[in-house]
Structures are given as C-alpha cells and as structure tokens.
Amino acid sequence: MRYAWPAMVLHAEHPSTSRLERVNRYWRAANYLGAIQLYLQHNALLREPLAAQHIKPRLLGHWGTVPGLNLIYAHLNRLILDTGARVVLVVGPGHGAPAIYANLFLEGSLAQFYPQFERNGNGIARLARSFSWPGGLPSHISPLTPGALHEGGELGYSVGHAFGVAFDNPDTIVACVVGDGEAETGALAAGWQSNKFLDPSTSGAVLPILHLNGYKLSGPSIFARMSGLELHQYFVGCGYDMRLVATTDPAEAHRQLWSAMNWAYERIATLQRDHRERRASAPPTWPLIVLRTPKGWTGPRQVDGRPVEGTFHAHQLPISDPRNNSAHLQALDDWLRSYRPEELFDERGAPAADLLATLPPDAARMGMSETANGGAPDAPPLRLPRIAAHAIQGEQRGAIDAAATQVLGGYLRDTFRLNGEARNFRLTCPDETMSNKLEAVFEATDRAFMWPLVETDEFLAQDGRVLEILSETTCEGWLEGYTLSGRHGMFACYEAFATIVDSMAAQHAKWLKASADVAWRRAVPSLNILLTSHAWRQDHNGYSHQGPGFIDTIASKKATVVRVYLPPDANCVLEVADRCLRSKCRVNLIIAAKHEAPLWLSPQEAAEHCERGASYWKWASNDDGATDVVLAAAGDVPTLETMAAAALLRTYAPDMRVRVVNVVDLFSLPTQPEHPHGLSAAAFDTLFGTSEPVIFAFHGYPRLIHELIHRRQQPQRFHVHGYIEEGTTTTPFDMVVRNKMSRYHLALDALARAPGARGRYAAAQQYCEERLAAHSAYIVEHGVDLPEVADWRWPDAHATR
C-alpha cells in the first residue's frame, strides 16, 4: 500500500509579532495554571489578596519541567493549526502533569471528558484544587489524562512507546518529549536506535524533543552539560538531523522553536514524500529538536536567599512552605502575579479570545487524539487463521513430537498474511526469531531495517513487520505503544532475559488496570508475551540462561489484567495464542519450549483443556474414583516428567491409585474471589481432591504455587517441585534432576506420601534411587542423557484416543 503525504507543507516563514505574542500569552496562561495547581485550593485567579488559607494543606508536585512542556505544547498547537498535522504527544517527564492539565484545560479537551473543568473561573478553581488531591487528578500523567498513552513515572520508555505508535500509522506525527534525566537511562539510549526501523513509506514519524533544563532531581544531567557540538555529534551518530533551540529569553525561544518546528515538519514531509514516491536513495535521517531552557523557568529566581530558577531547587516545589511562612507566602504571591492573570482571563475566568485563537480545531487537538485512546474506532479487526489448519493430529498419545514454537510460527505467518493490507500486526523480538523457531513468519514478511543491506543479509526489508533489536526494553516498548494505539502483536523473548522488562510489564499492567476504571477509555489489544528458550531447555547455555522468574512478576499484578498460560504441548500453544490475540486489555504470558516435545492432546482435547484451564487426564490415571496420590503439572517439561512418573508408578507400584491433573491456565488455581479464572471450590476439589497428597511439578519457583492455592482446602497437602536455582551447563534431564523435579523425584515423593506408604514401596523407591545414581554416572562418562530417558515414550497401554 502506498500513502500520500496528507497535510500541507509549510513555506519559509517569519512569524508576525502579533502571532508570536499570542503564543507567548498562551504560554504565560499555561505556566500560571501549572503553578496554581501546585499550591492553591482557593482564590485560583487571585481576585483577592493571597492568604494562608488559600494554600493546600499538603503540597505535592513538580515545577521544574512545567514551563518547558508548556512551551512545547504551545508550539505544537501552532504547528497543527498551520498544517493540519495529526499529532500524538508522548511526554517522558510524567511528573510534568500540571503542564499537560493546564494545556488540556485551555484547549477544552479536559472539559470534554470531565465537564467540571469548564473553561471559566469555576473550572480553574476545580483544576487547581484537584491536582494531587484525593479523588482528583494524579500527580503524574495517567489513563485519566486525555490524549495520553504514556505515564512517564518510570523513566526510559518514551521513545520506544513513541515509535510503537508511529509504526503503521502513516498519517501521524508522534512528538516525544524526553527529559534530560530520562535521557541517561539505558532503555532510552537503546530507544534512540528505533529510527533504523521506521519506514517512511508505510509508517508515521516520530519527532523527538530532548528538553535539557540542566538538572535531574538534585544533580546535573549529563546531556545538559554537553556542548552544542557534542550533542550534534551524538545525534548525528545516532542517525538524526538535529536542531538546537537554546536561550533564556522567552521572545527568542518562541522565534527559535517556531522555526525549528517548521523545519522538522518540512523535513518529515520531504522524507515521507520521497519514500512514498520511491525517490529516496538513502536511509531516512529523521529530525530531532534539542530544547535548552532553564529549569523552573519563569518561576522564583531566589527563595530564602538561594538561587532557584535554573537550578535543581526548582525541580519540585520552588517555594516550600507558603502556608506557614509569611515570607514564602509573599514570594508565592509575587510569583503568581508576575504572570498577570487578569490580562489572560476575563471577568468570568474564561481564557482571553486571543489565547484560544492559537488552538487547532477541536478534533485536531492533542487531547482529543483517537490514536492515543486505543486507535480509530473503525480500525479493521485482527484476522486470525483457523487453528485447525495448524493443529496436529495423532493416533497415540505422546507418540508424536512437535516443537511448539515452530507450530506457532506457522500460525503467526498466516496471521501476517491475513492482515497484510491492514498492517495491524507486528512481532517484536530481541534478535531471536530464528533461534526461537518462529522462522515461518519470514515466509510472509521480513525483519524491518532501514539501514544499508549487504548481499549476505537474510529476511531484511524496509517494510518488514518483524522488529528485531537486541534490546528487550525497546522491543517491549514498541509493542506497548503499538497495542495502546489500537494494533496487535506479540513479544517473543528468551525466558531468562524477560526479567529485563519486569518493571515495564508491571507498569503496563498498572496502566491497563487504571484504564478499566476510566469510562471514556476504549479497550485496547492485549500485550502478548511469549517466553521460550526457557529455563528447563537452556542446559547448553548454562546457569545465566536459566531463570523462570518473570512468571512471578506477572502473577503479582491485578487479577483483572494478567493471565499466565503454561501449555503442555503444541496443540495447546495454538489454543492459548489464539485466545490471547483475541483478548483485550490484558497482559498475557505464554511459556512454551522451542524444542520438540510429545503431543499429548488432540486438537479438540486441547481446545477443551484450555477452556477449562485445568483438567483430569483420565487416560493417564489409574485411580478409578479412589485416589491415593495426585500428580499435577503446569508447564511442558513438568508435564513430561509427570507423565513419566505416572508410568513409573504404574509399573513399580501398580496398586497405587494415581490421578493425573494438568494445569494450562495458572490462574485456575486461586479461588474465584482472587482471580476471575479461578476454579470453583467444587471444580477444584473434583480435580485435586480434599485430603489426598498432591505432588505438583511446576515450571517456575515452587513458592508461587503455594501462594496461589493458599486459600484452598488443606493447601499443606500440596508438595511442589520446581526451579530451585540449581543450574549449570549440563544435559536436559540433569536440569530437572538438579532441581529435584525429575520423574524419579516425583515418583519418590508420591511413594513416600501415599497412604500406608511406610515400607510398602521399598523396591520402587530403591529403583528410583538407583536410576538417579546411574544418571549421574552416565552423563559424566557419555555427555548425554541415558537412552531410557532420552528415548522415553508414554506406554502403549491406554495410549490410543
């Protein structure tokens, strides 16, 4: 599909003095509204002398970044007004929320969603009081903020989110404000490289605006201390075309930023036109603006004899105690009146007409962005292939091996094909698509790459829809931005290194949880995370690659948002992937091996199993209604070991009545009040009994199962085997032996805990101990697992379906 450049292109322009003055007056008004939010609960327009009782009893918030954000917002408004550009704003300094609320108030967007903030004196009074007030507006940008899809509370992800929004949004400019503190983070450093993956032919543009105000919380920022030349060299090296705006004079700042915005817009227009008309001969060099202004600009220059404006003292509250300190109260009064609010708001408290004249039309205002609210309502839905076309049939259970991710790769390939015209599906991965056996996707698309190619490159193209960069945070950030703006995708990652994005996934889950409580927020596609190359099959890479802890991060989040799936075989992987891709407003975690493993269930059985979340595998059991021991498993390798343990017990303890239960949806284990997927008490007891010992093989750390079942009947009867931080470079089976989750350990536990077990199963116990000893000797001598382990199959008895 080819896209035309939709908006008019600016010509060289020297803005008139009157237009510059209108923008400056707008900026003054926004600065005033930002300042009063920090301090005032009454007398918001200073229509009477400022008194202590007008000050909030508890002062919260940040001032330092507010004037710079207001300046950027004012000039983006002007650019939209002049060009008709569709702009989404991503604000990295999330604690600059007072600035964003001020601008949303002035443009009327805030009142569109919250009528109490009408554009008059009453609305201003409510705005001032509501900020950081219980039941009011949060201190950071949040899902309550119109036009926002990025919080900025945890720094580092703004650029990744911005590019995620821009991918496959050809008519959108994402203006991304990066604070100089955030610019020091590792996630942001990698995020700058996103420009190598953005195709001007099919995607929108990101305009990064690095705001350097000199300081972080209490110390200088690195980028702010760099010279203009050093900044230029840095960003040219990153592949950007940089324009510096640097001044302490407001009038000059308006002139420079006006010109820089025009330059950036024209640069974007030229790049996109040249690529869309197939005239480009070099990789795109996207524009970037560096804005250098004082921290806390226009605020108090000194307080208590100490410099404030332009120092780190302006970061939060430049005046600390105006309620109890008369000198501070006077300083606050002087500061607020310096904006001359009587010139900016009429007798009703409404913004002056010339301020409103600087605003774009209602639908074009950044606070009204549909893109930032889940994308266009009429966007084409994701089309998914039929599971039956990819599922595997088998005559005997466990007789066929299949690599789950390889099977899933075919399903994702067809997903790309079905959505080729819509371009609403992406796969992100830190350079592991081939390693994770998802290579079938390259039959439908390529890896995106805008930089020069060489003859030996494979599966690279400018319009590729697989995004690979060796930065987990950037991959996660791209997909978060992509899904929050209404599109779909999956992030595939080695399990051990998913913990790099622990906090990112946690923050995204918080955003989704909070969004569910905002009536006007539209539902967005889920964030789908596929973890493979997992702990139990990283025997060759060693201890550093062996870590299943990401499950714990997800499991601790709000039950209405998170889901964790541990499919036992390839057919179940297809089922859970399909469910996840159809879902909304979730963080879905799927954990599946890339190595071949037995196929236990038919396609129909897999669908039924995934619908239930946990099932009694009668065909693998011999309890016939009276159970001595329950063997349960969650995860593909735990399922394999559990099945082998069941077969061992059938042979060496034939009178033991064993029930086999498999859990695919981890959240079927807690009670329903704790999680909506929790099994009812009756269903749980039907599966696990009420008094029988349960030997549970789990993919992750054992304590998580104990946490999930702690409200179930007699939870102490659950004996969980899982990863206990024992790892090295070894054989696959030795991994489960080291962590005491092998078939022999599971069988030994069952033999010890079955009713009347004392002395009853000595021969069976001895056999298991002997095989563990034989295993240890064999792998040292031969370097591979015992044939009886490596070649094991589920016995023929009861195997046919």
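**View A. Asp168 follows helix 6, and its phi is positive, near 60 degrees.** You are looking at a predicted model, in which local features need pLDDT of at least 70, side-chain atom pairs count only at pLDDT 80 or more, and totals for chains, interfaces and linings use all residues. Residues are numbered from 1 along each chain as its sequence is written, and side-chain values use heavy atoms, with hydrogens and water left out. Helices (H or I, at least four residues) and strands (E, at least two) are DSSP runs, numbered from the N terminus. Is helix 6 enclosed by the rest of the structure or not? Nine of the nine residues of helix 6 are buried, so it is largely enclosed; here buried means under 20% relative accessible area, exposed over 50%, and partly exposed in between, with a 1.4 Å probe and protein chains only. The buried residues include Ser158, His161, Phe163 and Ala166. Among the elements covering them are strand 1, strand 2, helix 7 (186-191) and helix 14, where contact means heavy atoms within 4.5 Å.

**View B. Five strands form an open sheet with parallel pairing.** The strand order is 1-2-3-5-4; two strands count as paired if DSSP finds at least two bridges between them. Strand 1 (86-91) and strand 4 (240-246) are the edge strands, each with a single partner, so one side of each has no neighbour in the sheet. From one strand to the next, the twist averages 20 degrees. Helix 6 (residues 158-166) packs on this sheet and touches strand 1, strand 2 (172-179), strand 3 (205-212) and strand 4. The direction of helix 6 makes about 180 degrees with that of strand 2; angles run from 0 to 180 degrees between N-to-C directions, and axes are lines fitted to C-alpha atoms, for helices over the stretch in contact.

**View C. Strand 4 and strand 5 pair in the parallel sense.** Seven bridges link strand 4 to strand 5 (residues 286-292). To find your way in, look for Tyr240, which stands opposite Trp286 in strand 5. Helix 8 (residues 228-237) lies across strand 3, strand 4 and strand 5, and runs at about 155 degrees to strand 4.

**View D. Helix 14 packs against helix 15.** Two packed helices are described by the angle between their axes and the distance between the axes. For helix 14 (residues 472-484) and helix 15 (residues 502-515), the axes come within 11 Å and cross at roughly 15 degrees. The two helices are therefore roughly parallel; that label covers angles under 35 degrees, while over 145 is roughly antiparallel, 65 to 115 roughly perpendicular and the rest oblique. Their crossing is right-handed, with the near helix turned clockwise from the far one by less than a right angle; anticlockwise would be left-handed. Among the residues that meet here are Glu476, Glu480 and Leu484 in helix 14 and Met504, His508 and Trp511 in helix 15. The residues of this contact divide into five nonpolar, four polar and two charged. For those classes, Ala, Val, Leu, Ile, Met, Phe, Trp, Tyr, Cys and Pro count as nonpolar, Asp, Glu, Lys and Arg as charged, and the others, Gly among them, as polar.

**View E. Helix 1 meets helix 10 through nonpolar residues.** The axes of helix 1 (residues 17-39) and helix 10 (residues 326-337) are 10 Å apart, at an angle of about 155 degrees. That makes the pair roughly antiparallel, and helix 1 passes helix 10 in a left-handed crossing. Tyr32, Ala35, Ile36 and Tyr39 of helix 1 make the contact with Leu332, Trp335 and Leu336 of helix 10. By class, that gives seven nonpolar, no polar and no charged residues.

**View F. Arg340 and Ser533 each have a positive phi.** Most residues other than glycine have a negative phi. In the loop between helix 10 and helix 11 (341-344) you will find Arg340, with phi near 50 degrees. Ser533, with phi of about 45 degrees, sits in the loop between strand 14 (527-532) and helix 16 (550-555). Which of the categories buried, partly exposed or exposed does Arg340 belong to? At 35% relative accessibility, Arg340 counts as partly exposed, whereas Ser533 is buried at 1%.

**View G. Strand 20 is covered on both faces.** Six of the six residues of strand 20 (residues 658-663) are buried, so the strand is largely enclosed by the rest of the structure. Val658, Val660 and Asn662 lie on one side, with Arg659, Val661 and Val663 on the other. Strand 18 (residues 614-616) pairs with strand 20 in the antiparallel sense over three bridges, and Ser615 has Asn662 as its bridge partner. Strand 19 (residues 629-634) runs parallel to strand 20, joined by five bridges, with Ala632 opposite Val661.
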